[in-house]
Amino acid sequence: MGMGRGAGRSALGFWPTLAFLLCSLPAATSPCKILKCNSEFWSATAGSHAPASDDAPEFCAALRTYALCTRRTARTCRGDLAYHSAVHGIEDLMSQHNCSKDGPTSQPHVRTLPPPGDSQERSDSPEICHYEKSFHKHAAAPNYTHCGLFGDPHLRTFTDRFQTCKVQGAWPLIDNNYLNVQVTNTPVLPGSAATATSKLTIIFKNFQECVDQKVYQAEMDELPAAFADGSKNGGDKHGANSLKITEKVSGQHVEIQAKYIGTTIVVRQVGRYLTFAVRMPEEVVNAVEDRDSQGLYLCLRGCPLNQQIDFQAFHAESPGARRPPAASPAPAAPDTFPYETAVAKCKEKLPVEDLYYQACVFDLLTTGDVNFTLAAYYALEDVKMLHSNKDKLHLYERTREPPGRAASAGPPSAPRPLFSSLLLLTLLPALLEAV
């Protein structure tokens, strides 16, 4: 959609308005978190409103992250001028730079979180740093859920939906009050639609007297056995050992135990690419500020419909076929395996013809990389270790998001009422004069 001159002036005027709002408004004590959104976007873009062409994708990703932040705080910011100014400015900037509303978000910015507020729980009690003792002392054992990402890439969500996705670039995998996980997926071959995870960032947020904020980062050919600061536990706090990293196989397999939130994470490097698996209590999964306004987090919502690849055709593929049918959305790579060879190699590691087996065949046909066989095998092994329901280890039906719930990033925003737009345009010059 083109943008008229008036809209262009409004977009350019948004930057001094944002600076004014950041500098002049008092620190908010209300639940509205718009100043936090403004500050993070300002920091991510260094205040630039005219990115170079090479930086445009990153700028658009930062705008999408900014928009997600505003949607999460929308319910508590309905009467806040700064909020409405931010929403208006985001829409104009996305139009000006031809940014799509759906797509990758920007990499999370590591920052030191403020000290937690007063807790009603005793901070000197060792039980506070053990999830099961602290949260379920007088109740039944918590219900654990599992999410995994592997291969080209294949996603198993916390609700056991199994999807094959494109999701090239950086995408949020998990984001709740305790934990943020983001993955970066890159093409396996130049010009190929097949992608795999090349980078993983995990941020464990500062939590009471248990752990300091810790960041774990892994990339291709670099699977550290420590956090980014070189430590292997949660820091200097009383319950630091409730967060630990253990190297299972050097350069290939790392396990992170976060007992204070009842969570286990397994990160592997298989071939050149990374796999991710997590076991997490439902209570922690759902610990978000505003779930109704929560954005696109793959483990919770699944991949957007327009990012999903349908390999249903592989289900009916006959053993004698040479390649996937022409209708398959992922054409074979130049040096891929013949179909019967791919089937034989996957059968060696995955004798049960479930979706992990089918994902294995799909990956060999689209990438030609035999390491994807091991990626599917280890993903299933992680499910066996982490999933609490042993009856759901194997999945047999593709679980693509139904159309009615496909808008994982949230429903399309309604057009702004004309009166509201005019009111905002009227107020913005007044704010600029006050700078």
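**Notes on a predicted model: helix packing, one sheet and a few single residues**

1. Let me begin with helix α3, which is mostly covered, with 12 of its 17 residues buried. Please keep in mind throughout that this is a predicted model. The helix takes in residues 56–72 and reaches 24 Å from its first C-alpha to its last, close to the 24 Å expected at 1.5 Å a residue. The buried set is F59, C60, A61, A62, L63, R64, Y66, A67, L68, C69, T70 and R72. You will notice that two arginines, R64 and R72, are among the buried residues.

2. Which helix does α3 meet, and at what crossing angle? The partner is α2 (residues 34–45): the two axes come within 9 Å and cross at roughly 170°. Angles over 145 degrees count as roughly antiparallel, and α2 and α3 are therefore roughly antiparallel to each other. On the α2 side the contact is made by I34, C37, N38, F41 and T45. On the α3 side F59, A62, L63, Y66, C69 and T70 take part. Sorted by class, this contact has eight nonpolar and three polar residues, and no charged ones. If you look back at the burial list for α3, F59, A62, L63, Y66, C69 and T70 appear there as well.

3. Now for a sheet. Four strands form an open sheet in the order β4-β5-β6-β7, and the pairing is antiparallel. The edges are β4 (169–175) and β7 (214–219); each has a single partner strand, so one side of each is left without a neighbour in the sheet. Direction ignored, neighbouring strands of this sheet are turned by 20° against each other on average.

4. It is worth walking across the sheet one pair at a time. Six bridges join β4 to β5, which run antiparallel, and the hairpin between β4 and β5 passes through three residues. Next come β5 and β6, paired in the antiparallel sense over nine bridges. Strand β6 (residues 195–204) is then joined to β7 by six bridges, again antiparallel. As a general reminder, strands of a sheet pair through backbone hydrogen bonds, either parallel or antiparallel.

5. Some individual pairs make handy landmarks in the viewer. W171 stands opposite V183 in β5, and the bridge partner of V183 in β6 is L200. V183 can thus be followed to a partner on either hand, W171 and L200. Towards the β7 edge, T201 stands opposite Q217.

6. Is β5 largely enclosed or largely open? Seven of the nine residues of this strand (residues 179–187) are buried, so β5 is largely enclosed by the rest of the structure.

7. C299 is a good residue to click on. The residue lies in helix α7 (residues 298–301) and is buried, with a relative accessible area of 0%. Leaving aside residues up to four places away in sequence, C299 touches C147, T157, F158, L173 and I174. The C-alpha atoms of C299 and I174 are separated by 6.0 Å, although these residues are 125 apart along the chain. Since β4 covers 169–175, this contact also ties α7 to the sheet of point 3.

8. V288 sits in the loop between α6 (282–285) and α7, and is buried at a relative accessible area of 14%. V288 and R72 are 216 residues apart in sequence and 9.4 Å apart in space, C-alpha to C-alpha. R72, you may recall, is one of the buried residues of α3.

9. Two backbone angles deserve a look. N98 has a positive phi of about 55° although it is not a glycine; D160, also a residue other than glycine, has a positive phi near 65°. N98 is found in the loop between α4 (81–96) and α5 (131–135), while D160 is placed in the loop between β2 (154–156) and β3 (162–165). Which of the two is buried and which exposed? N98 counts as exposed at 65% relative accessibility, whereas D160 counts as buried at 12%.

10. Finally, some figures for the chain. There are 11 helices and 12 strands. Buried residues make up 51% of the 435 residues. Among contacts between residues at least 6 apart in sequence, 63% join residues at least 24 apart.

Notes. Residues are numbered from 1 along each chain as its sequence is written. This is a predicted model: local features need pLDDT of at least 70, side-chain atom pairs count only at pLDDT 80 or more; totals for chains, interfaces and linings use all residues. Side-chain values use heavy atoms; hydrogens and water are left out. Two strands pair if DSSP finds at least two bridges between them. Axes are lines fitted to C-alpha atoms, for helices over the stretch in contact, and angles run from 0 to 180 degrees between N-to-C directions. The expected span of a helix is 1.5 Å times one less than its number of residues. Buried means under 20% relative accessible area, exposed over 50%, partly exposed in between (1.4 Å probe, protein chains only). Angles under 35 degrees count as roughly parallel, over 145 as roughly antiparallel, 65 to 115 as roughly perpendicular and the rest as oblique. Contact means heavy atoms within 4.5 Å. Ala, Val, Leu, Ile, Met, Phe, Trp, Tyr, Cys and Pro count as nonpolar, Asp, Glu, Lys and Arg as charged, and the others, Gly among them, as polar.
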